[in-house]
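Here is a short briefing on a structural model. Please keep the sequence and the coordinates open while reading.

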Amino acid sequence: MSIVGKQIIKSFGDPAVEILHGLDLVIHDGEFVSISGRSGSGKSTLLYILSTLDKPTTGEIEIDGLNPYELGNNELHEYRNRSVGFIFQFHYLLPELTALENVLLGPRNLGLQEEYRQRAIELMEEFEIGDQIHKYPSQMSGGQQQRVAIARALIMKPRYIFADEPTGNLDSITGLKVMKFLQKINKEDGTAIVLVTHEPDYASMAEREIYLIDGRISSREHDAHA
Amino acid sequence: MLYLAFRQMLSRKKQTALIFLGVSFGTMIYIVIAGLQFGFRSYLYEQLLNNTSHVLITGKEGNIVEKEITPRFFSENEYVRWVIPPQGKRSESKLENPQSWFDRLSADPDVVSYAPRLTISGMASKSRHRTNINITGIIPARQIKITSLEDYMKEGSILDLSGGGNKLIVGSGVLKELGAKVGESINLSTGLGENRPFKIVGKIEMGNEQIDKVMVLGNIRDIQTLNRTPGRIGEITVALIDIDLSKEKAERWSIYSNDNVESWEEANAQFMQMITIQDIMRLVITGAILLVAGFGIYNILTIMISQKQKEIAILRSIGYAPDKILELFLFQGLMLGFGGGLLGISLGFIINLFMESIELSMQIGKSNHLPVSYDISIYITAFAAAQIAAAIASYLPARAASKLTPLEIIRSEMG
C-alpha cells in the first residue's frame, strides 16, 4: 500500500520549462515524509502530483498499484473524499459556515454529516478548539483556523494527508503546535503525511526528508529511521 | 448542496435581498399588466362577441360598379374610359337565401347556435325629443343562446320580446335622450314616412356610452314590418363550440355563397391589431425587467464566484465533483428565482385585488370597477418567466465555476 512516482517530469509554459526532472519516489503507508527545498525547487508541484490534484507531464503515479488517471471521475472524487486530506498554507475555510460545519464538509459531500458529527467534535476538542465549534472563521485566530482546517482534513480518517506549508502563515509557537499535531496523527492513527515546508526544523521532524534542488531529489534525502 | 447554497446566500443578505426584489418586481409587473390587459380584453371580447358572435354572415350590398356595366354596352376589345363612371345602389344589404344558411348551420356539429338579425337605422321620438338609433330585430330565444345580452338587462328580459307585438328593449342612453322609461311608448321611424308606436318593455346597459345611446332591440318580425321588408334577414350571427375554429369555418362557408362570411377576428381586425400591440408591449416591459433582474443574478454570482475561488478549490480538493460546484451556484440563482417569483405573484395578486376594488366614476361593462383577470395562466407564465431568467442567469457563471480546477485556483492564490 503506497504511492509510487515513476520518472515524474513536469513542465510548464510555452516554450516548456521543466520543473521536475524524472523523479522516482515512493510514499509508504503510515510514513511521515517532508519535501523541502528552496523556493521554485518544485516541492509544491511534486506534492500536488502525488495527491492527484495535478498530472505529471510524463511519468506515472500509482496509488496501490492503480493509475488514478485511469479511474473514472466519480472514483477519483471518491478517492479524494475518503482517502486524502489536504492542508494548505491558507486555511481556505468557508466563511459562511461555523468551524464545526467546515470540519464536516467532507462527510456532507457523502450525506454522512450526522454520522461524523461526534468525531468532528472529538477532533476539535483534541486540537483544543472544542470551545470554537459554533464560531465562524472570522471570529477565530489564525492558529485556530488552521487547526479547524487540519480537523477538516482528518475527519474522514484519510490514509494520506498532503500538507502544503501548513505552518507558513503561523507564528513559530502555533506552527510548532501544528507540527506536533501532525506527528501525533501519524503515530496514533497511522496516517501517512506528506509535508511540504521550507523550514528545515519542521522538515527534520518527519521520518523521512526529501530535499529538492531545481526539480531533482538531492542526495540529502535521508531516512530518519536509518 | 442546497444547504451550502442557502448558507452562502444568507451570508450576503443585502445582495440577496436586492436581486430577490428585482425578480419579484419583474414578476409582479407582469401580473399587474397582464391582469389588467386580459381583464379589459375579456370585457371587450364580450362586447364584440355580443355584436358579431364567432362568425358573422352578412349580405352584400347591391352596388352598381363600372366593371359590371362596361361589358354590357361595349365589346371586350374596346377600351372604355367613363367620363362619369356609373354609380348607384341596386339593393340594400340582405342575405340572398337565408333558409339555405339555416339548414347548413343546423346540420353543422361545430355550431352551437345561430341567430338571424336585421339591423336598420332609424329615429326614435317621444313628444318633442328625438334621437338617432340602431334598431336590431332579433329572435329572442335564439339571441340569448349566443350572446350574453341578458346579463346586461337592467329591467325586463330579452325574452319579453318573444311573440312580437311592437315591443322594444331600449339602451339606457336612448331612454335618457328621450326622457322615457320602461312601460312607456315611443315612436320609431325609418325615414320611409311612417311613425310606428312601440312599447318599451326593458332597459339594457352595455356599459359603453356610444352603444347605449343608440341601441334598440325588437322582435325581428316587428322590425321587418317597420322597415317594409318582410322576411328580410340582414345577418346571421353564429356561435361555435370552439371559438378558435371561427376563422377556418368562415373561410369554408364563404365558398358556398356570395354572402360575406367573416370570423370575429376578421370583423374586428383593428381590435386584434391593438391586442397584438398590447401583447408585444407587455412582453417587452416584463422582458426588460426580468432581463435586468437576470443580469443582477448573473453579475452577483460572477462576482461571488471570483471572490469564492479559494472555497471552490477546497471543495474540489475534498472531493466535491464539478457538478456539485455547478449545483452550489445554480441553486442560489434558482432559489432567488423561486422565492422572487413567489413573492412577485403574491404582490401582483394583492395589487390586482386592490386595483379591482377601486370604484370608478364610470361604468365598465356590468360594474364600475376595473376589469381584472385572475386567469391562472398569467400567474404560471409570470412564475415560469422568472424561473427561466434566473436559471439562465445563474447557469452561465455556475458552469464557469464548475470548470475551475483546484490547482489553478491555488496557484493563482499563491501568486
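B:N166 sits in the loop between β6 (153–155) and β7 (167–171) of chain B. Its phi is near 50°, a positive value in a residue other than glycine. B:N166 counts as partly exposed because 18 other C-beta atoms lie within 10 Å, under the 20 needed for buried. The model is predicted, and the points below go through its backbone, helix packing, interface and confidence.

**Backbone geometry**

- A second positive phi belongs to B:S127, at about 45°, and this residue is not a glycine either.
- B:S127 is placed in the loop between β4 (111–126) and β5 (129–138) of chain B.
- Is B:S127 buried or exposed? B:S127 is exposed, because 10 other C-beta atoms lie within 10 Å of its own and the cut-off for exposed is 12 or fewer.
- In chain A, the peptide bond from A:D14 to A:P15 is cis, with omega near 5°.
- A:P15 belongs to the loop between β1 (2–12) and β2 (17–28) of chain A.

**Helix packing in chain B**

- Two packed helices are described by the angle between their axes and the distance between the axes.
- Helix α11 (residues 269–307) of chain B packs on helix α14 (residues 376–402) of chain B at an angle of about 25°, and the axes are 9 Å apart.
- That angle is under 35 degrees, so α11(B) is roughly parallel to α14(B).
- The crossing of α11(B) past α14(B) is right-handed.
- From α11(B), the contact takes B:T286, B:L290, B:A293, B:G294, B:F295, B:I297, B:Y298, B:L301, B:T302 and B:I305.
- From α14(B), the residues in this contact include B:A385, B:A386, B:A389, B:A390, B:I392 and B:A393. Also among them are B:S394, B:L396, B:P397, B:A398, B:A400 and B:A401.
- The contact of α11(B) with α14(B) holds 18 nonpolar residues, 4 polar ones and no charged ones.
- Helix α13 (residues 322–357) of chain B also packs on α14(B), at an angle of about 155° and with the axes 8 Å apart.
- How do α13(B) and α14(B) run, roughly parallel or roughly antiparallel? They are roughly antiparallel, because their angle is over 145 degrees.
- α13(B) and α14(B) make a right-handed crossing.
- The contact of α13(B) with α14(B) has 21 nonpolar, 10 polar and 2 charged residues.

**Helix packing in chain A**

- Helix α6 (residues 142–154) of chain A meets helix α7 (residues 172–189) of chain A at an angle of about 15°, with 10 Å between the axes.
- With an angle under 35 degrees, α6(A) and α7(A) are therefore roughly parallel to each other.
- α6(A) and α7(A) cross in a right-handed sense.
- On the α6(A) side, the contact is made by A:G143, A:Q146, A:I150 and A:L154. On the α7(A) side it is made by A:T174, A:K177, A:V178, A:F181 and A:I185.
- By class, the contact of α6(A) with α7(A) has 5 nonpolar, 3 polar and 1 charged.

**A:R119 in chain A**

- Helix α5 (residues 113–126) of chain A contains A:R119.
- A:R119 is partly exposed, because 17 other C-beta atoms lie within 10 Å and buried needs 20 or more.
- The C-alpha atoms of A:R119 and A:A151 are separated by 9.7 Å, with the two residues 32 apart along the chain.

**Interface between the chains**

- Contacts join 17 residues of chain B to 19 residues of chain A.
- Which elements give two or more residues to the chain B side? They are α1 (2–10), α12 (309–318) and α15 (406–414) of chain B.
- α12(B) gives the most to this side, with 7 residues.
- The chain B side divides into 9 nonpolar, 4 polar and 4 charged residues.

**Confidence**

- The predictor gives the complex an ipTM of 0.79 and a pTM of 0.64.
- The average pLDDT of chain B is 85, and 96% of the residues score at least 70.
- Among the elements of chain B, strand β10 (residues 215–219) has the highest mean pLDDT, 95.
- The lowest mean pLDDT among these elements is 70, for α15(B). α15(B) is also one of the elements that give two or more residues to the side touching chain A.

Note on methods:
Residues numbered from 1 in each chain as written. Chains lettered and ligands numbered in written order. Predicted model: local features only at pLDDT ≥ 70, side-chain atom pairs only at ≥ 80, totals over all residues. Contact = placed C-beta atoms within 7 Å. Helix = DSSP H or I, 4+ residues; strand = E, 2+ residues; numbered from the N terminus. Nonpolar A, V, L, I, M, F, W, Y, C, P; charged D, E, K, R; others polar. Axes fitted to C-alpha atoms, helices over the stretch in contact; angles between N-to-C directions. Parallel < 35°, antiparallel > 145°, perpendicular 65-115°, else oblique. Left-handed = near helix turned anticlockwise from the far one by under 90°. pLDDT = per-residue confidence, 0-100.
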